[in-house]
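Please walk through the salt bridges of this protein chain with the structure open beside the text.

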Amino acid sequence: MKSGFLVINKPKGITSHDVVSIIRKKLGIRKIGHAGTLDPFATGVLVVGINKATRLLEFFQTEKKTYYVKAELGIVTDTFDIEGKVQEKNEVTQQHISNLKDICFSFVGEYLQVPPAYSAKKYKGKKLYEYAREGKIINLPPKKVKIYQLSNFSQEGQEFSFNVEVSSGTYIRSLIM
(Lines give C-alpha, C1' and ligand atoms only; values in the text may rest on other atoms or scores of the structure.)
Protein backbone atom coordinates (compact mmCIF):
# COMPACT_ATOMS: atom_id res chain seq x y z
CA MET A 1 0.00 0.00 0.00
CA LYS A 2 1.29 3.45 -0.92
CA SER A 3 2.02 6.01 1.80
CA GLY A 4 2.96 9.65 1.56
CA PHE A 5 1.79 13.22 1.63
CA LEU A 6 -0.35 15.34 -0.63
CA VAL A 7 -0.16 19.11 -0.51
CA ILE A 8 -3.62 20.36 -1.42
CA ASN A 9 -4.62 23.92 -2.31
CA LYS A 10 -7.96 23.81 -0.48
CA PRO A 11 -10.60 25.86 -2.27
CA LYS A 12 -13.19 28.06 -0.59
CA GLY A 13 -16.50 26.44 0.26
CA ILE A 14 -15.43 23.02 1.49
CA THR A 15 -14.16 21.80 4.84
CA SER A 16 -10.81 20.14 5.48
CA HIS A 17 -12.77 16.97 6.24
CA ASP A 18 -14.48 17.25 2.83
CA VAL A 19 -11.02 17.27 1.21
CA VAL A 20 -10.08 14.09 3.10
CA SER A 21 -13.38 12.43 2.07
CA ILE A 22 -12.82 13.30 -1.60
CA ILE A 23 -9.29 11.86 -1.53
CA ARG A 24 -10.49 8.70 0.26
CA LYS A 25 -13.10 8.15 -2.43
CA LYS A 26 -10.77 8.86 -5.37
CA LEU A 27 -7.90 6.72 -4.07
CA GLY A 28 -9.98 4.02 -2.40
CA ILE A 29 -7.88 4.39 0.75
CA ARG A 30 -9.41 4.68 4.21
CA LYS A 31 -6.41 5.79 6.29
CA ILE A 32 -6.11 9.49 5.38
CA GLY A 33 -5.84 12.55 7.63
CA HIS A 34 -4.83 16.22 7.53
CA ALA A 35 -2.41 18.40 9.47
CA GLY A 36 -4.76 21.15 10.66
CA THR A 37 -8.24 22.41 9.99
CA LEU A 38 -8.93 25.32 7.66
CA ASP A 39 -12.32 27.03 7.89
CA PRO A 40 -14.69 26.31 4.98
CA PHE A 41 -14.39 29.93 3.75
CA ALA A 42 -10.56 29.77 3.91
CA THR A 43 -8.35 28.84 0.99
CA GLY A 44 -4.82 27.57 1.28
CA VAL A 45 -2.41 24.73 1.84
CA LEU A 46 -3.74 21.60 3.52
CA VAL A 47 -1.18 18.84 4.13
CA VAL A 48 -2.79 15.41 3.81
CA GLY A 49 -1.18 12.17 4.98
CA ILE A 50 -1.94 8.79 3.44
CA ASN A 51 -1.60 5.43 5.19
CA LYS A 52 1.63 5.25 7.25
CA ALA A 53 2.30 8.96 6.68
CA THR A 54 -0.72 9.82 8.85
CA ARG A 55 1.47 9.02 11.88
CA LEU A 56 3.77 11.89 10.92
CA LEU A 57 1.02 14.53 10.65
CA GLU A 58 1.40 15.48 14.31
CA PHE A 59 4.84 16.89 13.49
CA PHE A 60 3.34 19.26 10.89
CA GLN A 61 0.73 20.46 13.35
CA THR A 62 3.34 21.98 15.65
CA GLU A 63 5.03 24.01 12.89
CA LYS A 64 4.55 27.73 12.31
CA LYS A 65 1.70 28.68 10.01
CA THR A 66 1.32 31.76 7.82
CA TYR A 67 -2.04 33.31 6.99
CA TYR A 68 -3.26 36.16 4.85
CA VAL A 69 -5.89 37.96 6.91
CA LYS A 70 -8.57 40.34 5.66
CA ALA A 71 -11.05 42.00 8.02
CA GLU A 72 -13.46 44.89 8.40
CA LEU A 73 -13.69 47.24 11.35
CA GLY A 74 -16.95 47.83 13.18
CA ILE A 75 -18.72 44.55 12.49
CA VAL A 76 -19.12 41.74 15.02
CA THR A 77 -20.65 38.43 13.92
CA ASP A 78 -21.79 35.49 16.03
CA THR A 79 -18.97 33.35 14.62
CA PHE A 80 -16.31 36.13 14.56
CA ASP A 81 -15.87 35.63 10.80
CA ILE A 82 -17.40 36.86 7.57
CA GLU A 83 -19.89 33.98 7.39
CA GLY A 84 -21.60 34.64 10.72
CA LYS A 85 -24.74 36.65 11.39
CA VAL A 86 -24.02 40.30 12.14
CA GLN A 87 -24.60 40.89 15.86
CA GLU A 88 -23.29 44.44 16.10
CA LYS A 89 -22.40 47.30 13.81
CA ASN A 90 -20.26 49.90 15.52
CA GLU A 91 -19.23 53.33 14.38
CA VAL A 92 -15.60 53.45 13.33
CA THR A 93 -13.86 56.70 14.12
CA GLN A 94 -10.75 58.15 12.54
CA GLN A 95 -8.97 57.45 15.85
CA HIS A 96 -9.77 53.72 15.49
CA ILE A 97 -8.35 53.74 11.98
CA SER A 98 -5.22 55.71 12.89
CA ASN A 99 -4.45 53.31 15.78
CA LEU A 100 -5.23 50.15 13.82
CA LYS A 101 -1.72 49.33 12.60
CA ASP A 102 -0.19 49.80 16.08
CA ILE A 103 -2.92 47.64 17.63
CA CYS A 104 -2.33 44.83 15.12
CA PHE A 105 1.44 44.91 15.62
CA SER A 106 0.96 44.86 19.41
CA PHE A 107 -0.10 41.22 19.12
CA VAL A 108 3.39 40.13 18.07
CA GLY A 109 4.76 37.96 20.87
CA GLU A 110 3.26 35.39 23.23
CA TYR A 111 -0.11 35.67 24.88
CA LEU A 112 -2.98 33.54 26.14
CA GLN A 113 -5.81 32.95 23.68
CA VAL A 114 -9.16 31.30 24.37
CA PRO A 115 -10.30 28.93 21.60
CA PRO A 116 -13.38 30.49 19.96
CA ALA A 117 -16.80 28.88 20.29
CA TYR A 118 -16.90 28.42 16.51
CA SER A 119 -13.83 26.23 16.04
CA ALA A 120 -13.02 22.61 15.30
CA LYS A 121 -11.37 22.24 18.72
CA LYS A 122 -12.91 19.25 20.48
CA TYR A 123 -14.46 19.06 23.93
CA LYS A 124 -15.65 15.65 25.18
CA GLY A 125 -15.28 14.27 21.65
CA LYS A 126 -17.45 16.93 20.01
CA LYS A 127 -16.34 20.02 18.03
CA LEU A 128 -16.94 23.37 19.70
CA TYR A 129 -18.84 24.70 16.68
CA GLU A 130 -21.33 21.82 17.07
CA TYR A 131 -22.05 22.93 20.64
CA ALA A 132 -22.28 26.57 19.49
CA ARG A 133 -24.82 25.70 16.80
CA GLU A 134 -26.93 24.13 19.54
CA GLY A 135 -26.72 27.37 21.50
CA LYS A 136 -24.24 25.96 24.03
CA ILE A 137 -21.03 27.92 24.46
CA ILE A 138 -18.14 25.94 25.95
CA ASN A 139 -15.45 28.12 27.50
CA LEU A 140 -12.15 26.30 27.40
CA PRO A 141 -9.12 27.57 29.30
CA PRO A 142 -6.77 29.86 27.38
CA LYS A 143 -3.76 28.41 25.61
CA LYS A 144 -0.39 30.07 25.07
CA VAL A 145 0.07 31.07 21.44
CA LYS A 146 2.70 33.10 19.66
CA ILE A 147 2.49 35.64 16.88
CA TYR A 148 5.95 35.50 15.31
CA GLN A 149 5.52 38.29 12.84
CA LEU A 150 2.99 40.47 11.12
CA SER A 151 3.79 41.96 7.71
CA ASN A 152 2.32 43.56 4.60
CA PHE A 153 -0.19 45.55 6.61
CA SER A 154 -2.63 47.40 4.39
CA GLN A 155 -5.68 49.46 5.23
CA GLU A 156 -8.30 51.17 3.08
CA GLY A 157 -11.30 52.71 4.77
CA GLN A 158 -12.66 50.22 7.28
CA GLU A 159 -11.03 47.20 5.63
CA PHE A 160 -7.55 46.03 6.50
CA SER A 161 -5.33 43.08 5.70
CA PHE A 162 -1.97 41.62 6.66
CA ASN A 163 0.13 38.45 6.63
CA VAL A 164 0.74 36.81 9.97
CA GLU A 165 3.01 33.95 11.04
CA VAL A 166 1.70 32.15 14.11
CA SER A 167 2.27 29.14 16.33
CA SER A 168 0.14 26.06 16.17
CA GLY A 169 -3.20 26.47 17.88
CA THR A 170 -3.61 30.18 17.09
CA TYR A 171 -7.12 31.15 16.03
CA ILE A 172 -7.08 34.04 13.58
CA ARG A 173 -10.76 34.81 14.25
CA SER A 174 -9.85 35.39 17.91
CA LEU A 175 -6.97 37.62 16.87
CA ILE A 176 -9.28 39.79 14.76
CA MET A 177 -12.13 39.89 17.22
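At 47% relative accessibility, K64 falls in the partly exposed class, because that class lies between under 20% for buried and over 50% for exposed. In this predicted model, K64 forms a salt bridge with E165, and their closest N and O atoms are 3.8 Å apart. K64 sits in the loop between α2 (57–61) and β4 (65–72), while E165 belongs to strand β11 (residues 159–166), so the pair ties together parts of the chain that are 101 residues apart in sequence.

Both residues of that pair can be placed against an annotation, since the UniProt record, an unreviewed entry, puts the feature "domain: Pseudouridine synthase II N-terminal" at residues 24–172. Over residues 24–172 the chain is 19% helix and 38% strand, with the end C-alpha atoms 29 Å apart.

A search of the whole structure finds five salt bridges. One of them joins the side chains of R173 and D39, at 2.6 Å from N to O, and this pair links distant parts of the chain, with R173 in helix α5 (residues 172–176) and D39 in the loop between β2 (32–34) and β3 (44–50), 134 residues apart. R173 is buried, with a relative accessible area of 9%, whereas D39, at 27% relative accessibility, counts as partly exposed.

Another salt bridge is formed by the side chains of E110 and K144, at 3.8 Å from N to O. E110 lies in strand β7 (residues 109–113) and K144 in strand β10 (residues 143–156), so this pair ties together parts that are 34 residues apart in sequence. Both E110 and K144 are exposed. Finally, K126, E134 and K136 are linked in a network of salt bridges.

How values were computed: Residues numbered from 1 in each chain as written. Predicted model: local features only at pLDDT ≥ 70, side-chain atom pairs only at ≥ 80, totals over all residues. Heavy atoms only, no water. UniProt positions renumbered as here; feature names shortened; annotations may be inferred. Helix = DSSP H or I, 4+ residues; strand = E, 2+ residues; numbered from the N terminus. Salt bridge = Lys/Arg side-chain N within 4 Å of Asp/Glu carboxyl O. Buried < 20%, exposed > 50% of the residue type's maximum accessible area, 1.4 Å probe, protein only.
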